[in-house]
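Colleague: I'm new to this one and would like a close look at a single part, with enough of the surroundings to get my bearings. Could you walk me through it?

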Amino acid sequence: MTKHDHSHHQHEHHACHANGGEAAKDGRYDTVPDGHTGAVYTCPMHPEVRQVTPGSCPLCGMALELESAAHAQNEGPNPELVDFTRRFWFGAVLTIPVLLLAMGPMVGLGWIRDALGEGMAQRAELVLATPVVLWCGWPFLERGWKSFLSWNLNMFSLIGMGVVASWLFSVTAVLAPGIFPSGFRDMHGHVPVYFEAAAVIVVLVLLGQLMELRAREGTGKAIRALLDLAAKTARVIRKDGSEEEIPLDHVQVGDNLRVRPGEKVPVDGEILEGRSSIDESMITGEPVPVEKTAGDAVTGATINGTGSLVIEARRVGADTMLSQIVEMVAKAQRSRAPIQKYADKVAGWFVPAVIGVAVLAFIGWAIWGPAPALSYALIAAVSVLIIACPCALGLATPMSIMTATGRGAQAGVLIKNAEALERFEKIDTLIVDKTGTLTEGKPKLVAVMPEDGFDEDEILRLAATLERGSEHPLAEAIVSGAEGRDIQLGTAKNFEAVTGKGVKGSVDGKSVALGNLRQVEDLGIGVQGLADQANARRDEGETVMFVVVDGAMAGLVSVADPVKETTPAALKALHDLGFRIIMATGDNERTARAVAARLGIDEIRADVLPEDKAKIIHELQQDGRKVAMAGDGVNDAPALAQADVGIAMGTGADVAIESAGITLVKGNLDGIVRARRLAHAAMRNIRQNLFFALVYNALGVPVAAGVLYPLAGILISPMLAALAMSASSISVVTNSLRLRTADI
């Protein structure tokens with residue numbers, strides 16, 4: 001993302017690279033030496049063009065832009081914006097007197113021209129308009145010339161032809177009027193000049209470019225806002241206990257840093273001491289602060305609440321989560337949506353077709369037009385060239401994609417590339433994991449049901465003491481449940497885990513076993529009336545374990561993974577957005593069915609091994625479904641890659657994030673709702689933009705060619721054509737920027 005928004009001339013690129021899209025990828029255009037770590041400039045239209053200095057693309061003539069977001073931070077103002085602003089004001093000052101001379105007679109100011117005399121007035125126009133065309137319009141003329149040399153015709157080919165045609169004709173008319181036949185002369189025998197058209201076209205195109213560059217800075221605002229979130233300095237605690245404020249880029253992994261109340265966390269790290277609540281909304285889009293204590297991870301650029309913390313730096317510089325988010329959004333903004341291919345195809349045949357129409361318009365007017373026929377013919381041809389500029393067409397897609405990815409980043413939805421956004425709009429089936437996606441992923445103890453003659457706390461004490469030796473998440477739930485009730489745990493001996501069944505051992509001299517029905521049956525103990533109670537609990541989606549003490553059934557312990565608070569509302573929203581939701585889980589079918597029924601999930605796949613998920617997705621795709629998969633673990637990576645769109649829960653593993661098209665920084669289903677709304681809004685926006693651009697060109701070209709002249713006497717002047725052309729680009733940009741405030 002360049003400082004000035006890295007698309008800043010995608011406009012021209014996308015519009016207009018007519019046929020240079022598939023240029024050789026043989027390294028001729030990549031001049032960056034191996035091992036180079038500084039800034040690299042690239043063309044968004046032709047990613048194979050890479051060099052270490054700024055300049056223009058050898059394939060389409062457009063200005064190159066910075067490839068990496070990190071280097072963009074150090075950039076000053078956009079040099080092209082500065083240059084074009086200077087050229088625009090210089091051109092505007094010289095063009096106003098040219099307009100007064102040329103158009104004065106139409107608005108009652110004819111006395112100015114009469115006072116100077118026709119010959120003198122034309123020479124004054126020549127002197128004033130020439131610097132506007134040759135200096136102010138030089139960037140366009142140069143790019144147009146290059147486009148003809150490389151035969152990558154683009155908007156500058158048309159602007160260049162129109163401006164040069166009207167300027168050369170006018171210069172010749174002033175310096176050698178005698179060479180023109182009568183078809184070019186008016187009733188007084190003068191050859192009309194079109195300096196005002198050439199000058200005004202240049203000034204209006206510059207104005208259009210300026211407004212676009214400024215507006216497109218808006219698309220980069222999301223990125224710059226993210227970059228600005230980072231703290232500028234950090235307080236490092238030295239070995240001797242002294243504290244010192246140092247610039248952020250001097251922080252190294254392993255440094256101990258103090259974060260005072262209200263300050264930004266400087267880098268990603270782990271809390272060594274202190275407790276506080278941290279506002280993570282800039283990363284997750286979630287407004288509620290998160291409680292953190294020693295041992296918890298913190299993310300750079302989040303805001304510390306009222307507690308003082310000491311953290312150890314774990315990831316610094318480009319490795320921090322913020323930098324990775326910025327880099328990911330930067331790449332997404334440069335990526336191209338498949339729908340762009342249509343725009344490129346249209347631009348490819350569009351420019352030669354327009355030149356053809358301009359030639360036909362010239363011939364038609366020369367043969368059938370009123371006197372001076374050749375002058376009218378020239379006006380019509382130049383107007384066609386100018387009004388047909390396909391820049392709006394090229395802007396249509398990249399502008400929306402850039403704004404949408406920036407908007408997504410602010411809401412905690414990271415889009416990997418434009419293709420993922422486009423595909424996600426068409427997804428009809430969503431596969432979600434149960435644990436950690438629908439549920440908290442942290443089982444909790446929900447009930448202890450003792451048999452007659454046993455005490456609830458005693459059963460829990462025995463079960464928890466035994467489970468202390470186990471690594472299982474369910475064991476952790478029982479232990480923390482006991483600690484939560486302030487139960488003093490004893491000591492366990494002869495601990496033994498029986499795979500797939502449970503655990504056993506002795507606690508304070510009593511033999512204790514804890515496990516599922518199979519374990520109880522192995523021990524030869526009848527479950528009496530507890531089986532029905534256990535099944536009823538399972539139907540609620542809980543996991544039930546039987547406790548056996550000294551060979552007698554002592555009671556049940558029930559553990560459940562609570563459903564996240566946000567899940568029910570999110571599932572309803574997802575159904576409303578057209579998804580069929582399938583829950584894939586490793587749980588047994590009974591528990592899975594209970595959760596699915598409670599949440600209104602359409603279909604379940606229970607007892608699923610991680611490696612089966614990719615197979616399930618493949619089967620659904622064979623049935624013609626468009627499948628998205630939400631997952632977070634390393635084992636989900638193959639399934640995420642197999643899905644049409646993979647959605648990584650950002651709390652998950654790096655490899656999952658790598659294989660996914662969309663990453664949700666906070667692992668909630670809400671994020672999928674936001675992503676879907678964003679995809680709908682972006683694709684709708686792109687279609688509106690393409691409609692604006694195409695309809696506008698389709699209507700503009702025949703009017704400029706003079707189709708309406710025989711019917712209504714309407715012929716557009718080249719100046720109006722230039723104004724209309726700029727207006728179409730600006731309407732596309734403004735429409736795209738509406739996405740910045742899209743409700744997702």
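In which strand does Lys493 lie? Start there, please, and then take me around the rest of the chain.

Modeller: Happy to. One thing up front: this is a predicted model. Lys493 lies in strand 16, which covers residues 492-498. With a relative accessible area of 56%, Lys493 is exposed, because the cut-off for that is over 50%. If you set aside the neighbours within four places in sequence, Lys493 is in contact with Gly505 and Ser506. Thr465 is another residue to look for: Lys493 and Thr465 are 28 residues apart in sequence, and their C-alpha atoms are 9.8 Å apart in space.

Now for the surroundings. The chain has 744 residues, and 54% of them are buried. It holds 27 helices and 25 strands. Take the contacts between residues at least 6 apart in sequence: 69% of those join residues at least 24 apart.

Next, the nonpolar cores. The largest one has 129 residues, and those with the most contacts inside it are Phe195, Phe424, Leu574, Ile647, Ile662 and Ile672. Helix 25, residues 669-705, gives the largest share of this core, with 16 residues. Try clicking on Ile672: leaving out residues up to four places away in sequence, Ile672 touches Phe424, Leu430, Leu574, Ala630, Ile647, Met649 and Leu664. Apart from that core there is another, of 25 residues, and Val448, Leu466, Ile478 and Val549 are among them.

For a contrast with Lys493, go to Arg235 in strand 4, residues 233-237. Arg235 carries a charged side chain, yet it counts as buried because its relative accessibility is 19% and the cut-off is under 20%. The side chains of Arg235 and Glu243 are joined by a polar contact of 3.1 Å. Beyond the residues up to four places away in sequence, Arg235 touches Glu243, Glu244, Glu245, Asn256, Leu257, Arg258 and Arg260.

Arg260 turns up again around Asn304, which has its place in strand 11. Asn304 is buried, with a relative accessible area of 3%. Setting aside neighbours within four places in sequence, Asn304 is in contact with Val259, Arg260, Pro261, Gly262, Glu263, Ser276, Ser277, Ile278 and Leu309.

Just before that strand, have a look at Ala301, in the loop between strand 10 (297-298) and strand 11 (303-304). Ala301 isn't a glycine, but it has a positive phi of about 80°. Its relative accessible area is 2%, so Ala301 is buried. Asp607 also has a positive phi, about 50°, and isn't a glycine either. You'll find Asp607 in the loop between strand 22 (603-605) and helix 22 (610-622). Asp607 counts as partly exposed, because its relative accessibility is 48%.

Over in helix 13, residues 391-410, there's Met402. Met402 is buried, with a relative accessible area of 0%. From Met402 to Ala418 is 16 residues in sequence and 8.8 Å in space, C-alpha to C-alpha.

Two helix pairs round off the tour. Helix 19 (residues 530-539) and helix 21 (residues 589-599) have axes that come within 7 Å and cross at roughly 50°. Helix 19 and helix 21 are therefore oblique to each other. Where they meet, helix 19 brings Asn535, Arg538 and Asp539, while helix 21 brings Arg590, Thr591 and Ala594. Sorted by class, that contact has one nonpolar, two polar and three charged residues.

The other pair is helix 3 (residues 79-103) with helix 6 (residues 138-150), which pack at an angle of about 115° with their axes 11 Å apart. From helix 3, Glu80, Phe84 and Arg87 meet Trp138, Pro139, Phe140 and Arg143 of helix 6. By class, the contact of helix 3 with helix 6 has four nonpolar, no polar and three charged residues.

Definitions and conventions:
Residues numbered from 1 in each chain as written. Predicted model: local features only at pLDDT ≥ 70, side-chain atom pairs only at ≥ 80, totals over all residues. Heavy atoms only, no water. Axes fitted to C-alpha atoms, helices over the stretch in contact; angles between N-to-C directions. Helix = DSSP H or I, 4+ residues; strand = E, 2+ residues; numbered from the N terminus. Parallel < 35°, antiparallel > 145°, perpendicular 65-115°, else oblique. Contact = heavy atoms within 4.5 Å. Core = buried A, V, L, I, M, F, W, Y, C linked by side-chain atoms within 4.5 Å. Buried < 20%, exposed > 50% of the residue type's maximum accessible area, 1.4 Å probe, protein only. Polar contact = N/O pair within 3.5 Å; in protein donor to acceptor, adjacent residues only side chain to side chain.
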